[in-house]
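Hi,

Here is the structure I promised to send over. Have a look at it first, then read my notes below.

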Amino acid sequence: MARERTAQGTLEYALTVVALLAMVVACAAIWRAAVDGTFSGIVQQAASHLLDGDGFIDISLY
């Protein structure tokens, strides 16, 4: 019985460590994307003026 509790505690600890590590890696990836200009590139591609809209299309997308 005590062995099962120890095993369950070890499993819970391992899952917690993996979840925290995944959050740290995700935050690092977001930071890296912000630093190297990936986000600004995405924003520029999504901007309406890059669709070469003439008047109505540009205004409707605004």
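Only a little of this one is tucked away: buried residues (under 20% relative accessible area with a 1.4 Å probe, counting protein chains only) make up 3% of the 62 residues in the protein chain. Its accessible surface (Shrake-Rupley method, 1.4 Å probe) is about 5,800 Å², and 68% of that belongs to carbon and sulfur atoms.

Bear in mind that this is a predicted model, where local features need pLDDT of at least 70 and side-chain atom pairs need 80 or more, while totals for chains, interfaces and linings use all residues. Numbering starts from 1 along each chain as its sequence is written, and side-chain values use heavy atoms, without hydrogens and water.

The chain has three helices (DSSP runs of H or I, at least four residues) and zero strands (E, at least two). Mean pLDDT (the predictor's confidence in each residue, from 0 to 100) is 82 for the chain. Among its elements, H1 has the highest mean, 91, and helix H3 (residues 56-61) the lowest, 67.

Cheers

Notes. Buried means under 20% relative accessible area, exposed over 50%, partly exposed in between (1.4 Å probe, protein chains only).
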